[in-house]
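Walk through this structure with me, one surface feature at a time. Keep the sequence at hand as you read.

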Amino acid sequence: MESDVTYVDLKFNSDVERTAKPKSGARTDSRAQGENKNSPKILVALLLVIVLLLAGLIALIALYFKASSRLPELEHQMAQLQLNQTKVLKYIGCKNRSSAPNCSQFFYKDCPINWQLHNEKCFFFSQTPLSREVSRSICQSSQADLVIIADREEQLFIRNAKKDGLYWIGLTDKDEEGAWKWVNSSKVQPKTFWNCKQPDNSRGMEHCATVGSNDECEYLRDWNDDNCEKEHNFICEKEAEDRKMDFIPLNTEPDNGSLLI
């Protein structure tokens, strides 16, 4: 009787095991299939991360080489800024003292309105005919005088700058016939720009010089003596004024930017 019970129990347990094994195997197969389906997605994500890391690394390398290539330029700009800092300090110290050592670089030559600047001198070309003495008094009222033509270059400038017609210049022999002197009492240089056969002191009444004769015999030779009471235009001349710069040019960029003060 006891042996029968044992046989039945063994048989029952064996049947249970056989029915249970297939179910366990089915669950294992479905899990494996799920893992196989997710593997490509994981690989794609890993590849994407790798690509992004490589792109970032390449960008960092490019930025490094770009910064390295600009280093000499930045060093040059730094040196220029240091120089300009020194220049600014000197500029502030100079104020209006253009004659002080190293101060002239912060000033520029300028002329009043309607005057022309040439070689650090100012020239005024009138358009109102007046006698020679009245013309000179008008020049002197502007801290100037009738023009003194010092050389060929200045003669050429006057010829090109003036309009047509005769203009009084600062040359006369009123004190002594034939001893032509400028308004500053200096004598005329041997090589002058008198027109041919001039001065001739026609009728003994021509003691003041003009520039702009139309019948010049040679290039630039257009001086003529004339009656001082006649009315002609005139040319005033004076030293150009020193004006303090409102800015200091910087040399850190090719376009010559400026630093405002």
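The second largest pocket holds about 150 Å³ of space. The model is predicted, so treat the residues below as part of a predicted model. Lining this pocket are Arg132 and Arg136, followed along the chain by Thr172, Asp173, Lys174, Asp175, Glu176 and Ala179. Lys181, Trp182, Val183 and Ser185 complete the lining. Two elements each supply at least two of these residues: helix H2 (132-141) and strand E6 (181-182).

What is the lining made of, by class? Charged residues number 7, against 3 nonpolar and 2 polar ones.

Now turn to the largest pocket. About 300 Å³ of space lies there. Its lining has 17 residues. Closest to the centre are Asp151, Arg152, Lys191, Thr192 and Phe193. Here the classes read 9 nonpolar, 5 charged and 3 polar.

Leave the pockets and look at the surface. A nonpolar patch is formed there by Leu47, Ile50, Leu54, Leu57, Ile61, Tyr64 and Phe65. Together these residues have about 740 Å² of accessible area.

Take Tyr64 from that patch. Tyr64 sits in helix H1, which spans residues 2-94. Is Tyr64 buried or exposed? Its relative accessible area is 55%. Exposed means over 50%, so Tyr64 counts as exposed.

Note on methods. Residues are numbered from 1 along each chain as its sequence is written. This is a predicted model: local features need pLDDT of at least 70, side-chain atom pairs count only at pLDDT 80 or more; totals for chains, interfaces and linings use all residues. Side-chain values use heavy atoms; hydrogens and water are left out. On a 1 Å grid over the protein atoms alone, a cavity is a set of points where a 1.4 Å probe fits but cannot get out, and a pocket is an open set with protein on both sides within 12 Å along at least five of seven lines; lining residues have an atom within 4 Å of a point. Grid points are joined across faces, edges and corners, and a volume is the space filled by probe spheres set on the points. Ala, Val, Leu, Ile, Met, Phe, Trp, Tyr, Cys and Pro count as nonpolar, Asp, Glu, Lys and Arg as charged, and the others, Gly among them, as polar. Helices (H or I, at least four residues) and strands (E, at least two) are DSSP runs, numbered from the N terminus. Patches are made of residues with over 30% relative accessible area and no salt bridge: like charges are joined within 9 Å, nonpolar side chains (Val, Leu, Ile, Met, Phe, Trp, Tyr) within 5 Å. Accessible areas come from the Shrake-Rupley method with a 1.4 Å probe; for residues, only the protein chains shown count as cover. A salt bridge is a side-chain nitrogen of Lys or Arg within 4 Å of a carboxyl oxygen of Asp or Glu. Buried means under 20% relative accessible area, exposed over 50%, partly exposed in between (1.4 Å probe, protein chains only).
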